[in-house]
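Student: Hey, got a minute to go through a structure with me? I'd like to know how the pieces fit together.

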Amino acid sequence: MNQTILYTIITLVSIGAAASVILYLVAQRFKVYEDPRIDEAEEALPAANCGGCGFAGCRNFAEALVKRDSWDGLFCPVGGNETMAKVASLLGKEAIEQAPRVAVVRCYGTPEFRPRYNVYDGAHTCTIAHSLYTGEGGCPHGCLGEGDCVVVCDFDAIHMDPVTGLPEVDDEKCTACGACVTACPRDIIELRKKNKKDRKIYVSCINEEKGAVAKKNCSVACIGCSKCFKVCPYEAITMNNNLAFIDSDLCKLR
Amino acid sequence: MKKPPNSLSMRLKTFARGGVHPPELKLSSGQPIEELAPPETVVIPLSQHLGVPSEVLVARGDEVKVGQPIASAAGFVSTNIHSSVSGKVLKVDNFMDSTGYRRMAVQIQVEGDTWIDTVDRSDDLVPKTVLSGGDIRKKILEAGIVGLGGATFPSHVKLTVPSGKKAEYLIINGVECEPFLTADHALMLERSDELFSGIQIMMKGLGVEKAIVGIENNKPDAIEAMKRVTAGSPVKVQGLKVKYPQGGEKQLVQALLKREVPSGGLPIDVGVVVFNVGTVSAVYDAVMKNRPLIERVVTVTGKSLVNPSNFRVRIGTPVSHLIEAAGGLPEQTAKVINGGPMMGKALASLDVPVVKGTSGILLLDETEARRKEVLPCIRCAKCIGVCPMGLEPYLLMTLSEKAMYERMEEEKVLDCIECGSCSYTCPSSRPLLDYIRLGKGEVNKLIRARKS
């Protein structure tokens, strides 16, 4: 009995020893060198893995930060300038500052202003509703209210308002990662510069139909009258397809 | 073993895989085709067919006659559009159509009923044509004929057999497997002689010797009528077991010839071209009577409707006009569907015009219109059992929800014919087809991106 145990132990230990030698040799032979700075950079990033920077995740972004000489176009919207400066000092590179941005919903077609004349009963996602028709109201550009933007938000920063039927952005929580911008089938959501005192200066409409048609569908639609365009002294407003757009870089009211 | 006496229906031909049998509810069956007078104004969309929208030829203020071209084909897969009324062009602008969006259309104020001179408006039957195949195809393009079964694919394209392929059979689709719809049934009863002449024209245009008319067994009078006119000719009439979606061309080819169209292929890959009876009737009018496609037969139906009817309607007539003619909109109507209950689409407005692809207008009551609450998938695999294309709808829906479009392509989502049998049969009322359709669109986008 004792002998059986002894032999077992000896056999297992020798297999273990042989395997460890083989594993060590293989590990040495196929060793992959990875820049330790990538780990450091990744550590400093927010680990949100939201993809807001345009990379597959924070690790992927950290690799790009280490490998690229110029950081032009590289920015972590979640961490903001603070995080970028921290990573820059770690890696001895220079961060390019960007003004903080926030998502805005460019539609104000609440049931009060944009009457709903039918009930959507299909699969509850905006993408499918968009492929079917103009929506419960008559505006072919307005918010469908099925909440695709809410589902994709990793930061709990956008919610449907049950009264208006429109999504509402929590400016404190919004990191401007842009997930909602991609999710919206009607391109209603835009990332704009954050203004002081939470001022929001933007045209809350993206409807491109002629004034009379637009007004019929929604009483707060931009009718493309060009009044704002004519009066702006800084040329911050452009008119395109019956729609005014305010460039947040040129607008002086901050 | 001796077969039980009621095995007759078992021996009827049908397609092999999947399928469902929803209640037939052919309320307007037996109603004659009633000619509907033109309304006060018509709206004729520039995109009534699959392919490139046509180019408009008229402008505001122009006087037009019935049958006059108002838009021309903007490519090979495109077709001509003719004025269905005489009068004055009010506007060329965006109007709501059955896509649910406002798109380019021509609005015409109706004044009188003056036709262009070339059209033969008599009812005299012209049984034979002397035209060659090429001339027949040209006439079909000129008349703006598209597949009237609902897919609206330009017919001249389908009649042009691609090089390297050979057509052996012409199949005429008189299946009408959608519940409620009876437009094709009425056509087969009232215009069987014209249809037979049309079939011969198309056989000549296609260069085939054999033709089969497929009709489901719930229309014995139509089978009888077609058999009578085709007796002694190479055109065969075949009764089929009632099963949805037998009117899908791939299913019909399989039911009649036991040939399977390969994945991603068309019936021409197995030597077959399929046309709907409505299209055949339009081809007869175009080739023999010089009459362009300006009207079609539309079934207006619904359980609460006073007079479910089959109307011959001018293209561009608003749907509300049809409902008025069928006894008015019942109060309990909750949904108006363009097409049949299985594949049709709800309309967002009753001002939407009848187009070339409108086969029926169906009114549903509140209880019929509502979808049931969506419950979790219970993995019963009913959707797989009924899919006529052998796909796995439950999997495709999940993949679509998770945006895994590459995997969807591998799972052959593009073979889906959107018949809706999966959604119909699902005990958890899951919106399977809605998501599959979304995925199909995304996969098509992927493929286009890869090509460019």
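Tutor: Sure, we can go through confidence, domains and then some helix packing.

Student: Okay, is this predicted or experimental?

Tutor: This is a predicted model. For chain A, the mean pLDDT is 92, and 99% of the residues score at least 70.

Student: Where in chain A is the confidence lowest, and where is it highest?

Tutor: The low end is helix α4 of chain A, residues 80-91, with a mean of 91. The high end is strand β2 of chain A, residues 158-160, at 96.

Student: And how is chain A divided up?

Tutor: Into domain 1, covering 36-91, and domain 2, covering 101-246. Taken over C-alpha atoms, the centres of these two domains of chain A are separated by 31 Å.

Student: How many residues does each domain of chain A put into the contact?

Tutor: Domain 1 of chain A gives six residues and domain 2 of chain A gives seven residues. On the domain 1 side, that's four nonpolar, two polar and no charged.

Student: What about the contact of chain A with chain B, how many residues are in it?

Tutor: Eleven residues come from chain A and eleven residues from chain B. The chain A side has five nonpolar, five polar and one charged.

Student: Switching to chain B. Which domains does it have?

Tutor: Chain B has domain 1 (5-28 + 132-289), domain 2 (35-110 + 292-368) and domain 3 (382-451). The centres of domain 1 and domain 2 of chain B, over C-alpha atoms, are 24 Å apart.

Student: How many residues are in contact between domain 1 and domain 2 of chain B?

Tutor: On the domain 1 side of chain B there are 28 residues, and they are in contact with 32 residues of domain 2 of chain B. Elements giving two or more residues to that domain 1 side are α2 (133-142), α4 (183-190) and α8 (277-289) of chain B. By class, the domain 1 side splits into 20 nonpolar, six polar and two charged.

Student: You mentioned α2 and α8 of chain B. At what angle do the axes of α2(B) and α8(B) cross?

Tutor: At roughly 110 degrees, and the axes come within 9 Å. The two helices are therefore roughly perpendicular to each other.

Student: Which residues make that contact?

Tutor: From α2(B) it's B:Ile136, B:Lys139 and B:Ile140, and from α8(B) it's B:Val283, B:Ala286 and B:Val287. Sorted by class, this contact has five nonpolar, no polar and one charged.

Student: Now α2(B) and α5(B): is their crossing left-handed or right-handed?

Tutor: Left-handed. These two pack at an angle of about 115 degrees, with their axes 7 Å apart. B:Gly133, B:Ile136 and B:Arg137 of α2(B) meet B:Ile201, B:Lys204 and B:Gly205 of α5(B). That contact splits into two nonpolar, two polar and two charged residues.

Student: And α5(B) with α6(B), what's the angle there?

Tutor: Helix α5 (residues 192-206) and helix α6 (residues 220-230) of chain B pack at about 55 degrees, with axes 9 Å apart. So α5(B) and α6(B) are oblique to each other. Their crossing is right-handed.

Student: Which residues of α5(B) and α6(B) meet?

Tutor: On α5(B), B:Ser192, B:Asp193 and B:Phe196, which meet B:Ala225, B:Met226, B:Val229 and B:Thr230 on α6(B). By class, the contact has four nonpolar, two polar and one charged.

Key. Residues numbered from 1 in each chain as written. Chains lettered and ligands numbered in written order. Predicted model: local features only at pLDDT ≥ 70, side-chain atom pairs only at ≥ 80, totals over all residues. Axes fitted to C-alpha atoms, helices over the stretch in contact; angles between N-to-C directions. Helix = DSSP H or I, 4+ residues; strand = E, 2+ residues; numbered from the N terminus. Parallel < 35°, antiparallel > 145°, perpendicular 65-115°, else oblique. Left-handed = near helix turned anticlockwise from the far one by under 90°. Contact = placed C-beta atoms within 7 Å. Nonpolar A, V, L, I, M, F, W, Y, C, P; charged D, E, K, R; others polar. pLDDT = per-residue confidence, 0-100. Domains from an automatic or database assignment.
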